[in-house]
Amino acid sequence: MSADKKLAGCGAVVVGGGSGVGLAVASALAAHGAGVVVNSRNATAVRRAAEAIARSGGKALGIPGSAADEVVAEQLVSTCESAYGGIDILVNCAGIAEPIGSSILTVTTAEWRELLDSHLTTVFNTCRAAAPLMAARGAGSIINSGSFAYLGDYGGTGYPAGKGAVASLTMAMAAELKESGVRVNAICPGAKTRLSSGPDYEAHIRQLHQRGLLDEMTMRGSLEAPPPEYAAALYLYLASEAARAVTGEIFIAAGGFVGRFERPVAAPLGYRDHAHEQPWSVEELNHMIDRR
């Protein structure tokens, strides 16, 4: 374990901590002194993750189940409170892949709901359980996981929709909780995980490139993603006191690259005083908007 105990005495919940980025984050938090509650839908993965952290000298408890179930989400937070004296850090890394070939032309309502539950409802449930406790103490760090896919470049339906909603919810919670001393940020990680591996995934990425949705650099980056530990470093930073002034940000962590998404701003196309002028005509709007 690391001799640098940045998070000594802290309690943390890592949703999706049984594998991939979540496991790397849970391991990093524990290595720096936090007691960690590891969660995943996969009970075997949860047990193995908790055991691996314990073998390395860290403190970890495993609780399997889907945090899309509010009972599970509340159990994660209450366990962290009772085992470690409070919840100081909440990390949401849960996620499932969009079905191969899924689009608005083919997705089912059941698939849509499952995707939103995994990516958005888990975040809502865990934040709803943890935020009041953090706000009451006047401190805490919530770190949600977004995705580049929210821009729509990777196609799909529930996956980009869920991740886009996570970004919006993150910014809204950051504004709401700032006066309480609770920080809320999101990271869009680029890493080699079970969701970004295998022949089906590689074929999907190459097909998106052939269709013109992904440029060459993005395709190569998607196919040759770095290990999750590179993304975990930014989660560790945001969990620590070093980031005490950072909130409401959407970051990118992909290997050696770290960046941020700037907050969208409206670019004016035209203006007229509605108190004295008529609404825009179709021809006028076309003149302003059509850039061909």
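Which helix and strands do the buried residues of H2 pack against? Keep that in mind as we go; this is a predicted model, and the tour begins with the whole chain.

**The whole chain**

Show everything as cartoon. You should find 9 helices and 8 strands. Colour by burial next: of the 292 residues in the chain, 45% are buried. For contacts with a separation of 6 or more, 72% come from residues 24 or more positions apart.

**Stop 1: helix H2**

Select residues 43-55. That's H2, with 13 residues and a reach of 18 Å from first C-alpha to last, close to the 18 Å expected at 1.5 Å a residue. Now turn on side chains for Ala-45, Val-46, Ala-49, Ala-50 and Ile-53, the buried residues of H2. They sit on the same side of the helix because their arc around the axis is only 130°. Here is the reply to the opening question: these buried residues pack against helix H1 (20-31), strand S2 (35-40) and strand S3 (59-64). Spin to the other side of H2 and you meet Arg-48 and Arg-55, both exposed.

Have a look at the ends too. At the start of H2, Asn-42 puts a side-chain oxygen within 3.0 Å of the backbone nitrogen of Thr-44. Just after the helix, click on Gly-57, which has a positive phi of about 100°.

**Stop 2: Val-37 in S2**

Stay in the neighbourhood and pick Val-37, which belongs to strand S2. Buried or exposed, at 0% relative accessibility? Val-37 counts as buried, because its relative accessibility is 0%. Select what it touches beyond four places in sequence: Ala-12, Val-13, Val-14, Leu-61, Ile-63, Leu-76, Thr-79, Cys-80 and Tyr-84. Then draw a distance from its C-alpha to that of Val-15: the two residues are 22 apart along the chain, and the gap is 8.4 Å.

**Stop 3: strand S4 and its partners**

Val-15 leads us onward, since its bridge partner in S4 is Asn-92. Strand S1 (residues 11-15) and S4 pair in the parallel sense, over 4 bridges. Select residues 89-92 to see S4 itself: Ile-89 and Val-91 point one way, Leu-90 and Asn-92 the other, and all are buried. In a regular strand, side chains alternate between the two faces of the sheet.

Next, add strand S5 (residues 140-145), which pairs with S4 in the parallel sense over 4 bridges. The S5 bridge partner of Val-91 is Ile-143. To follow the chain from S4 to S5, trace it through helix H4 (residues 109-137); this β-α-β crossover is right-handed.

**Stop 4: helix H8**

Jump to residues 228-239. The 12 residues of H8 should span 16 Å at 1.5 Å a residue, and the end C-alpha atoms are 17 Å apart, which agrees. Show side chains for its buried residues: Pro-228, Ala-231, Ala-232, Leu-234, Tyr-235, Leu-236, Leu-238 and Ala-239. Among the elements covering them are H1, S4 and S5, along with strand S6 (182-190), strand S7 (250-254) and strand S8 (257-261).

**Last stop: Arg-272**

Finish in the loop between S8 and helix H9 (282-289), where you'll find Arg-272. A polar atom of its side chain lies 3.2 Å from the backbone oxygen of Pro-279. Leaving out neighbours within four places in sequence, Arg-272 is in contact with Glu-277, Gln-278, Pro-279, Trp-280 and Glu-284.

Notes: Residues numbered from 1 in each chain as written. Predicted model: local features only at pLDDT ≥ 70, side-chain atom pairs only at ≥ 80, totals over all residues. Heavy atoms only, no water. Helix = DSSP H or I, 4+ residues; strand = E, 2+ residues; numbered from the N terminus. Expected span 1.5 Å × (residues − 1). Buried < 20%, exposed > 50% of the residue type's maximum accessible area, 1.4 Å probe, protein only. Arc of directions from axis to C-beta. Contact = heavy atoms within 4.5 Å. Polar contact = N/O pair within 3.5 Å; in protein donor to acceptor, adjacent residues only side chain to side chain. Pairing = 2+ DSSP bridges. Right-handed = clockwise from strand over helix to strand, strands pointing away.
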